[in-house]
Amino acid sequence: MMIDLHTHTDCSDGTDSPAQLVNKALAQGISVLAITDHDTTSGWSAAQQAIRPGLSLALGAEISCLTKDGISVHMLGLLFDGENVGMQEMLENTRDSRIPRARKMIELLNDAGIKISMDDVESVKPVGATLGRPHIADALVKNGVVASRDEAFTDLLNNNSPYYVAHLAPTPEEAISTIRRAGGVAVIAHAFASLRGQVLSAEDFSPLKNAGLNAIEVNHRDHGNEERSALARIARELDLVISGASDYHGTGKLNSLGENFTEQAQWERLESEADQRRVVRA
Ligand code: AMP
Ligand code: ZN
Ligand code: FE
Ligand code: FE
């Protein structure tokens, strides 16, 4: 049983379509796949249509959050009601604010003499996909400024760069309560991925548990052994589910499908904490 609870499609910054991702998961013998595009559920219906026996789908989204102190936190919502108005409003507000945010980043890059425009970004982004820094990266590659997405992040687009601008985002507590009100479960993603920027401290998890957090993503490529042990300890102390996942982005990142995964018992507990059975089977 291979359970991968965090993946992206070209509905955000991954490169596979939802159907391609479902087919790859089937080919690799993955038993449960969660699709968790950034701030959107637009891939859900295509993924559902592509499913065949052997694979169960947990539909979700990865919600970009900011703490009151401005720390970036990614919250996975899984198995929520996709029609829930509060949920869709929260996702839409974030998507909307990603547009002026990209314009500001482009302006700062231009001020530094780097050639890139919003049109360049639009031309590399699939229509309807949630706009993100990876699309700015792809435009920089197209313009010959950098050689790859990775180089774009290292040199220009990371959270500590002078060109970084945040977008509007709910707090982690707001995201958790919106996910739970929509009947889903909340999993905090790559919480100790310190290469990405400032991260939460161990004391910050108890308020999240009180807000309704269900699980901590422990097994993720951006966590070393120390981070994994520290997060697993927090999960045990707070009685939270432990998950693992690839955070697959197609060719957009090195992460390969199923490279990290969730134990069956942990998945069963997580699934039971949603308000109803929403796993999709063929
Ligand atoms: P944004 O949501 O616009 O702030 O962009 C963040 C996204 O950029 C996340 O989904 C990351 O997966 C992606 N990202 C971060 N670092 C890199 C990298 N070095 N190469 C490719 N994608 C990255
Ligand atoms: Zn991403
Ligand atoms: Fe993330
Ligand atoms: Fe992700």
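**Notebook: strands, metal sites and a covered helix**

I began with the strand pairing and noted that Ala-34 stands opposite Ala-58 in S3. I then followed the path between these strands: the chain crosses from S2 through helix H2 (residues 44-50) to S3, and this β-α-β crossover is right-handed. I recorded that S2 and S3 run parallel and are joined by seven bridges. The model I am reading is a predicted one.

**Entry on confidence.** I looked up the confidence before going further. The chain has a mean pLDDT of 97, and 100% of its residues reach 70 or more. I found the lowest confidence in H6, at a mean of 97, and the highest in S5, at 99.

**Entry on the other side of S2.** I turned to S1 and found that S1 and S2 run parallel, with two bridges joining them. Here Asp-4 stands opposite Leu-33 in S2. The connection from S1 to S2 passes through H1, and I noted this β-α-β crossover as right-handed as well.

**Entry on burial of S2.** I asked how many residues of S2 are buried. The count is seven of its seven residues, and I entered S2 as mostly covered. In a regular strand the side chains alternate between the two faces of the sheet. I therefore listed the faces of S2 separately: Val-32, Ala-34, Thr-36 and His-38 lie on one side, Leu-33, Ile-35 and Asp-37 on the other, and both faces are covered.

**Entry on the zinc ion.** I looked up which residues coordinate the zinc ion (ligand 2). The donors are Asp-13 (OD), Asp-13 (OD), His-38 (NE2) and His-249 (NE2), at 2.1 to 2.5 Å. Along the sequence I wrote the spacing of these donor residues as D-x24-H-x210-H. Asp-13 lies in the loop between strand S1 (3-4) and helix H1 (18-27), and His-38 lies in strand S2 (residues 32-38), so this pair ties together parts that are 25 residues apart in sequence. I checked the accessibility of both: Asp-13 is buried, with a relative accessible area of 8%, and His-38 counts as buried at 8% relative accessibility.

**Entry on the iron ion.** I next examined the iron ion (ligand 3), which is coordinated by Glu-62 (OE), His-74 (ND1) and His-190 (NE2), at 2.0 to 2.2 Å. I noted the spacing of its donors along the chain as E-x11-H-x115-H. Glu-62 belongs to strand S3 (residues 56-66), whereas His-190 is in the loop between strand S5 (185-189) and helix H8 (205-211); the pair therefore ties together parts that are 128 residues apart in sequence. Glu-62 is buried, with a relative accessible area of 1%, and I found His-190 buried at 7% relative accessibility. I also looked up how many Å separate the iron ion (ligand 3) from the zinc ion (ligand 2), and the value is 5.7 Å.

**Entry on helix H5.** I asked why helix H5 (residues 133-142) is described as largely enclosed by the rest of the structure. The reason I entered is that seven of the ten residues of H5 are buried. They are Arg-133, Pro-134, His-135, Ile-136, Ala-137, Ala-139 and Leu-140. I then looked for what covers these buried residues, and the cover includes helix H3 (85-111), helix H4 (118-124) and helix H6 (149-157). My last reading concerned the backbone just after H5, where Gly-144 takes a positive phi of about 75°.

Methods:
Residues are numbered from 1 along each chain as its sequence is written. Chains are lettered from A and ligands numbered from 1 in the order in which they are written. This is a predicted model: local features need pLDDT of at least 70, side-chain atom pairs count only at pLDDT 80 or more; totals for chains, interfaces and linings use all residues. Side-chain values use heavy atoms; hydrogens and water are left out. Donors are N, O and S atoms within 2.8 Å of the metal (3.2 Å for Na, K and Ca); water is not among the atoms, so sites may look incomplete. Helices (H or I, at least four residues) and strands (E, at least two) are DSSP runs, numbered from the N terminus. Buried means under 20% relative accessible area, exposed over 50%, partly exposed in between (1.4 Å probe, protein chains only). Contact means heavy atoms within 4.5 Å. pLDDT is the predictor's confidence in each residue, from 0 to 100. Two strands pair if DSSP finds at least two bridges between them. A crossover is right-handed if, with the strands pointing away from the viewer, the path from the first strand over the helix to the second runs clockwise.
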